Amino acid sequence: MNEKMKKKLIFVLGVLFLCFLSGCQTEIEVDLPDYQTKLVVEGYIENGEVPIVMISKSIPYFSSIDINYLLKNVLITDAVVTVTASDGESEQLTLQYNDKSPYYIAYVGKNLKGQLNTDYTLNIKWKDREYSAKTSILHTFDLDSIGFSSSNELYSDTMKSVRALFTDNSAEINYYQFMIKIHGKDLHDRL
């Protein structure tokens with residue numbers, strides 16, 4: 001074997017050895033901390049609309065989930081849910097089908113409707129525990145302008161962005177949510 005062939009063979013064996021070393025894996029074990037289930041409450045009340053509240057339990061990250069598991073172990077269907085307005089009006093919500101809920105069931109009001117400049121208290125009683133939260137429906141605001149813009153010239157016939165401009169009062173702490181409808185259908189995967 002000549003010197004040139006020896007160098008090529010050493011080079012090839014060196015590359016194979018490096019590939020072998022880089023392909024090694026070390027198996028590690030992670031001890032996950034004990035999981036504590038918590039109550040998850042998602043709800044809202046809007047101007048002129050009844051309150052909607054979804055209640056579930058949190059689950060560990062690595063859980064196997066199917067519809068039966070959700071129905072039996074995650075959804076809370078036996079809570080007493082009450083919403084009280086600052087004017088004293090109060091209503092106990094009932095569990096019913098609701099297409100705005102990610103689970104398609106929610107605690108929903110019938111008579112109490114959201115009003116501007118009103119505070120609301122949510123009270124949940126479940127398994128000898130009580131939970132509460134407060135929110136307000138503040139005054140409305142006007143948009144300065146609204147329009148569409150192309151996000152990419154290559155797809156300008158179908159891909160658009162909706163741009164809304166408005167002036168926010170810096171002296172107040174405000175949160176905004178915008179929902180879009182296309183062809184009369186709500187687009188919501190999460191509320």
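**Figure 1. T82 and its partner across two strands.** In this predicted model, T82 stands opposite N123, a residue of β6. The strands concerned are β3, which covers residues 80-85, and β6, which covers residues 118-126. They run antiparallel and are joined by six bridges.

**Figure 2. The open sheet of seven strands.** Strands β3 and β6 also appear in an open sheet whose order is β1-β2-β5-β4-β3-β6-β7. The pairing in this sheet is antiparallel. At the edges stand β1 (39-44) and β7 (129-137). Each of these two has a single partner strand, so one side of each is left without a neighbour in the sheet. On average, neighbouring strands of the sheet are turned by 25° against each other, direction ignored. Strands of a sheet pair through backbone hydrogen bonds, and the pairing is either parallel or antiparallel.

**Figure 3. A nonpolar patch on the surface.** F141, L143, I146, F148, V162, Y176 and F178 make a nonpolar surface patch of about 710 Å². One of these residues, V162, lies in strand β9, which spans residues 160-165. V162 has a relative accessible area of 46% and is therefore partly exposed, as this class lies between 20% and 50%.

**Figure 4. The protein chain as a whole.** Two helices and eleven strands are found in the protein chain. Along the sequence they follow the pattern α-β-β-α-β-β-β-β-β-β-β-β-β. Of the 191 residues, 17% are buried. The protein chain exposes about 15400 Å², and carbon and sulfur atoms supply 54% of this area. Among contacts with a separation of 6 or more, 44% are between residues 24 or more positions apart.

Note on methods
Residues are numbered from 1 along each chain as its sequence is written. This is a predicted model: local features need pLDDT of at least 70, side-chain atom pairs count only at pLDDT 80 or more; totals for chains, interfaces and linings use all residues. Side-chain values use heavy atoms; hydrogens and water are left out. Patches are made of residues with over 30% relative accessible area and no salt bridge: like charges are joined within 9 Å, nonpolar side chains (Val, Leu, Ile, Met, Phe, Trp, Tyr) within 5 Å. Accessible areas come from the Shrake-Rupley method with a 1.4 Å probe; for residues, only the protein chains shown count as cover. A salt bridge is a side-chain nitrogen of Lys or Arg within 4 Å of a carboxyl oxygen of Asp or Glu. Helices (H or I, at least four residues) and strands (E, at least two) are DSSP runs, numbered from the N terminus. Buried means under 20% relative accessible area, exposed over 50%, partly exposed in between (1.4 Å probe, protein chains only). Contact means heavy atoms within 4.5 Å. Two strands pair if DSSP finds at least two bridges between them. Axes are lines fitted to C-alpha atoms, for helices over the stretch in contact, and angles run from 0 to 180 degrees between N-to-C directions.
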